[in-house]
Amino acid sequence: MNYFGISTTSAMAPRNSIAEFQELVRSSNRMMALCGAGLSAASGLPTFRGAGGLWRNHEPTDLATPEAFAADPSLVWLFYAWRRHMALKAKPNRGHFALAELAKRKENFICLTQNVDGLSPRAGHPESKLYLLHGSILDNKCFNQCGYIDRNNLSDPICPALAPAAEDYPPDQTLPLLDPNIPAPQIQVEDLPHCPRCKTGLLRPGVVWFNEPLDENMIMQVENWIWQGPVDLMIVVGTAAAVYPAAAYTRKAQRRGAIVAVINPDPDSASGLGPKDFFFQGDAAEILPLLFEPVIGKMDESGKICVEP
Ligand SMILES: [Zn+2]
């Protein structure tokens, strides 16, 4: 506290008034969002981030590379077939639905997501306004890069040989696939999904792996959108505003005049925000429907709009 009884730290801290944010979102024209794993946390999906979680004694990051796939495609496919199964069993939460509603009602709102779980598309988020920066676990593409891509494949398991990754077990028991003491199912490479176009390549998950670039065309579209005019509001959901790629997009939006709002349970995710910005500490599934209410209306527990604005 200083001489005037005003806390000097809070004078520089970001705002947290829901009413002020609601007025901002209502009056904003050009808005963008960037979403990370925290958006899907309320849907119960494991993120592997920061927890040091292993998958069958493997670091998940060691399995998410083109080199790992080339060396052992069956093991990498078992990992992804299990993650597909988890993603398909999960349901979009109110955070996904709130962003999808905002996109339907605000013409100039684009949403970038790092999540590959397919939950935003399944929440009905308009495809033309959603940028899947890291691809989708429900897409399959040719490992030989012939250009073939199979989008939104909902088959589970994706092929008979990968059925051990798509079994449901009671919560008190471990899926045999996840027990490193049980040998992994031996799957012949010829039994993995193959490319129907070139007939030589294996299909691989349509996600961006470590050591791989993001889709150039998608990045260009986002860059073009950012430079088309001033940006009123940048919303960062479930990821830290100061970490790449959120940091890069946040800086670009700020250069176009944007106020930044961070929604995250972790207070460290708000570092770098100024007094004009917003920070809402908590779960996006609870906070986003409330923050967007003047534009999208009242949302019930299932994610449906029950009272129009
Ligand atoms: Zn091919």
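Let's start with what surrounds helix H10 in this predicted model. The cover over the buried residues of H10 includes strand E1 (31-35), strand E2 (109-113), helix H9 (216-227), strand E7 (233-237) and strand E8 (259-264).

Which residues of H10 lie under that cover? H10 spans residues 246-255, and its buried residues are Ala246, Tyr249, Thr250 and Ala253. These four sit on the same side of H10, because they cover an arc of only 100° around the axis. That spacing fits a general rule: an α-helix has 3.6 residues a turn, so residues three or four places apart point the same way. Now turn to the face of H10 that points away from the buried side, and you will find the exposed residues Ala248 and Arg255. Follow the chain to just after H10 and you meet Gly257, which takes a positive phi of about 95°.

Another part of the model to visit is a sheet. It is open, has 3 strands in the order E5-E4-E6, and its pairing is antiparallel. Strand E5 (149-150) and strand E6 (203-207) are at the edges with a single partner strand each, so one side of each has no neighbour in the sheet. In general, strands of a sheet pair through backbone hydrogen bonds, either parallel or antiparallel.

Look at how E5 is attached: strand E4 (residues 135-142) and E5 run antiparallel and are joined by 2 bridges. Asn140, for instance, has Asp150 in E5 as its bridge partner. Finally, a helix joins the scene here: H6 (residues 73-89) lies across E4 and E6, and runs at about 140° to E4.

Definitions and conventions
Residues numbered from 1 in each chain as written. Predicted model: local features only at pLDDT ≥ 70, side-chain atom pairs only at ≥ 80, totals over all residues. Buried ≥ 20, exposed ≤ 12 C-beta atoms within 10 Å, placed from the backbone. Arc of directions from axis to C-beta. Contact = placed C-beta atoms within 7 Å. Pairing = 2+ DSSP bridges. Axes fitted to C-alpha atoms, helices over the stretch in contact; angles between N-to-C directions.
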